[in-house]
Amino acid sequence: MYLILLGAPGVGKGTQSKYLVESKGFIQLSTGDILRAEVKAKTDLGIVAKECMDKGTLVSDDIVLNMIKNKLIEISDNVIFDGFPRTLIQAEKFVDILKDLNKKIDKVINIALDDSIIEDRLAGRLVCKSCGKSYHKIFFKPRKAGVCDDCGGVLYQRSDDNLESVRNRLEVYHSTTKPLINYYDKNGILYNLDGNKESLELFNDIVNVLEEDI
Ligand SMILES: [Zn+2]
């Protein structure tokens, strides 16, 4: 199954992806990881991508799509696409790439949450410097202030986790993602889930969507 998880920053997409990988055998494909791997391996696409990065220009959709295509030829399992597609144009091009492989996106899960709740979550977020685990100043305190429960690493507040930049990030997210949500809705594969739940409860909802026949 090919799955896309959509959701604004702060809805817990990372946690849900992790659950899907750990307990449902999904592979998480992040375009950033694929890009870095191709550059490192100096493949043809990697070399072109590196030139773009060195010049400070964006790596084009077509390069990224072809990298994803190559990766999908290697793996044929359950895949979650992380951070891709980001725009409607990418989504439309993605359909053609998948057609070449006789594949399609099976389901798109949109984790919906009010902006005001996201603002509260992100503006109080603390992140572990060592393992990346997220905490919250009010809602999810570590056992010992400033220290990660899991690894003992130092907790810090990301510079973009303040109210003003959180609002900006949400605005950018909504304006780019809305057309994408409408597009998948029209295709009949969009599932909206309520993000205002405990993470395990939300995961249960996701599993129910995955098990539902289409
Ligand atoms: Zn940690």
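Helix 5 covers residues 88-100 in this predicted model. The helix holds 13 residues. From its first C-alpha to its last it reaches 19 Å. That is close to the 18 Å expected at 1.5 Å a residue. Just after helix 5 comes Asn102, which takes a positive phi of about 60 degrees.

The largest nonpolar core contains 21 residues. Leu3, Ile4, Leu5, Leu6, Ile80 and Ile109 have the most contacts inside it. Six elements each give two or more residues to this core. The strands among them are strand 1 (2-7), strand 3 (79-82) and strand 4 (107-112). The helices are helix 6 (115-123), helix 7 (163-186) and helix 8 (199-211). Strand 1 supplies the largest share, four residues.

Leu6 illustrates the contacts made at this core. Neighbours within four places in sequence are left aside here. Leu6 is then in contact with Val108, Ile109, Asn110 and Ile111. Thr177, Leu180 and Ile181 are also in contact with Leu6. A second core, separate from the largest one, has six residues. Leu35, Leu45, Val64 and Met67 are included in that second core.

Two helix pairs were examined. The axes of helix 3 (residues 44-55) and helix 4 (residues 61-74) come within 10 Å. They cross at roughly 150 degrees. Angles over 145 degrees count as roughly antiparallel, so helix 3 is roughly antiparallel to helix 4. The crossing of helix 3 past helix 4 is left-handed. Helix 3 makes the contact through Leu45, Val48 and Ala49. Helix 4 contributes Ile63, Asn66 and Met67.

Helix 6 and helix 7 form the other pair. Their axes lie 10 Å apart, and the packing angle is about 135 degrees. The two helices are therefore oblique to each other. Helix 6 passes helix 7 in a right-handed crossing. On the helix 6 side, the contact residues are Asp115, Ile118, Glu119, Leu122 and Ala123. They meet Leu163, Val166, Arg167 and Leu170 in helix 7.

Tyr191 lies in strand 8, which spans residues 190-194. Tyr191 has 19 C-beta neighbours inside 10 Å. A buried residue needs 20 or more, so Tyr191 counts as partly exposed. Again leaving aside neighbours within four places in sequence, Tyr191 is in contact with Lys107, Val108, Ile109 and Asn110. Val209 is a further contact of Tyr191. Tyr191 and Gly46 are 145 residues apart along the chain. Their C-alpha atoms are separated by 35 Å.

Notes
Residues are numbered from 1 along each chain as its sequence is written. This is a predicted model: local features need pLDDT of at least 70, side-chain atom pairs count only at pLDDT 80 or more; totals for chains, interfaces and linings use all residues. A nonpolar core is a set of buried Ala, Val, Leu, Ile, Met, Phe, Trp, Tyr and Cys residues joined through C-beta atoms within 7 Å. A residue is buried if 20 or more other C-beta atoms lie within 10 Å of its own, exposed if 12 or fewer, and partly exposed in between; C-beta atoms are placed from the backbone. Two residues are in contact if their C-beta atoms, placed from the backbone, lie within 7 Å. The expected span of a helix is 1.5 Å times one less than its number of residues. Axes are lines fitted to C-alpha atoms, for helices over the stretch in contact, and angles run from 0 to 180 degrees between N-to-C directions. Angles under 35 degrees count as roughly parallel, over 145 as roughly antiparallel, 65 to 115 as roughly perpendicular and the rest as oblique. A crossing is left-handed if the near helix is turned anticlockwise from the far one by less than a right angle, and right-handed if clockwise.
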